[in-house]
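Okay, thanks for coming, everyone. I'll put the structure up and then walk you through a few places in it.

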Amino acid sequence: EHLKMAQQFFQLVGASASECDTIPGRQCMASCFFLLRQFEDVNIYLNSVKAYMYNDDDFNWNHGLSLSCTGNYKGAEDALLLIQNEKYKQEYVYISWLARCYIMNGNPRNAWELYLKMDTSSESFNLLQLIANDCYRMGHFLYAAKAFDVLERLDPDPEYWEGKRGACVGVFQMVIAGKQNKDDLRDVLTMLRNTSNPQVEYITRIIRKWCKDNGVKT
């Protein structure tokens, strides 16, 4: 009810004749559409005042999230990285959206480094799940495997082993196709050995044989 009231007040100010063409008026309309989750409209209004709000952390926060929600991950990453306020940068919402942007923009290592800087908590566990699933979906199999490996050690859910197994096989396939560094197979073998599952021996035997045949030290 409070959100609906806020949305109506933002619309009242933003659509008024005296404010509709002002920076505060356009920000009000952006806030109205943000609460309605109409992010394409949010971006139209925020883009129209972007030149005047370059150093405004609140603006860049809202713009970054809105761009992310419409799939513009490059623009979202740029906006989020403009934020200077350390308190904002410590919030899980900021960290998780920035991690997703990194992954979608082809920089999974940056997302992994965000995780490594976090203290162990429910939020770091949630970030691991995001990294594991988003990296897998985007074909960044090495970092998907790393995330699933940690998840599996924290929680012996069979789904984490299945995710790790698929990601490790994905790395192997990319190495064979010449799209991944052969040395990454050493990391894959180490991660596989962390799991006590009868399938591990079969998978590691195939990878080790390929490594031996192709001059890769394991």
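**Two cysteines, then a helix trio**

So let's start with Cys101, which sits in helix α7, residues 92–104. Before I go further, please keep in mind that this is a predicted model.

Is Cys101 buried or exposed? Its relative accessibility is 0%, so Cys101 counts as buried. And what does Cys101 touch, if we leave aside neighbours within four places in sequence? The list is Ser68, Tyr73, Ala76, Glu77 and Leu80. One distance for you as well: from Cys101 to Ala111 you go 10 residues in sequence, and their C-alpha atoms are 8.4 Å apart in space.

Now to another cysteine, Cys69, which you'll find in helix α4, residues 57–69. Here the relative accessible area is 35%, and buried means under 20% while exposed means over 50%, so Cys69 lands in between, as partly exposed. Not counting residues up to four places away in sequence, Cys69 is in contact with Phe39 and Trp97. If you look from Cys69 over to Pro198, that's 129 residues along the chain, and the C-alpha atoms are separated by 41 Å.

Okay, let's zoom out. How many helices and strands does the chain have? There are 13 helices and 0 strands, so to speak a pattern of α after α as you read along the sequence.

What about the overall dimensions? The C-alpha trace spans about 75 × 35 × 25 Å along its principal axes. A compact globule of 218 residues would have a radius of gyration near 17 Å, whereas this chain comes out at 22 Å. Of the 218 residues, 43% are buried. And if you take the contacts with a separation of 6 or more, 48% of them are between residues 24 or more positions apart.

Last stop: helix packing. As a reminder, two packed helices are described by the angle between their axes and the distance between the axes.

Take helix α11, residues 158–176, and helix α12, residues 184–193. They pack at an angle of about 160°, and their axes are 10 Å apart. Anything over 145 degrees counts as roughly antiparallel, and that's why α11 and α12 are described as roughly antiparallel to each other. The crossing of α11 past α12 is left-handed. On the α11 side you've got Trp161, Lys164, Cys168, Val171, Phe172 and Val175, and they meet Asp184, Leu185, Val188, Met191 and Leu192 of α12. Sorted by class, the residues of that contact are 9 nonpolar, no polar and 2 charged.

Now stay on α11 and turn to helix α13, residues 198–213. The axes of α11 and α13 come within 12 Å and cross at roughly 10°. The cut-off for roughly parallel is under 35 degrees, so α11 and α13 are roughly parallel to each other. Again, α11 makes a left-handed crossing, here with α13. Which residues make this contact? From α11 it's Trp161, Arg165, Phe172, Val175 and Ile176, and from α13 it's Gln199, Val200, Ile203, Ile206, Ile207 and Trp210. The class count for α11 with α13 is 9 nonpolar, 1 polar and 1 charged.

If you want something to look for on the screen, try Trp161, Phe172 and Val175: they're listed on the α11 side in the contact with α12 and also in the contact with α13. That's my tour, thanks.

Key:
Residues numbered from 1 in each chain as written. Predicted model: local features only at pLDDT ≥ 70, side-chain atom pairs only at ≥ 80, totals over all residues. Heavy atoms only, no water. Axes fitted to C-alpha atoms, helices over the stretch in contact; angles between N-to-C directions. Helix = DSSP H or I, 4+ residues; strand = E, 2+ residues; numbered from the N terminus. Parallel < 35°, antiparallel > 145°, perpendicular 65-115°, else oblique. Left-handed = near helix turned anticlockwise from the far one by under 90°. Contact = heavy atoms within 4.5 Å. Nonpolar A, V, L, I, M, F, W, Y, C, P; charged D, E, K, R; others polar. Rg over C-alpha atoms; globule rule 2.2 N^0.38 Å. Buried < 20%, exposed > 50% of the residue type's maximum accessible area, 1.4 Å probe, protein only.
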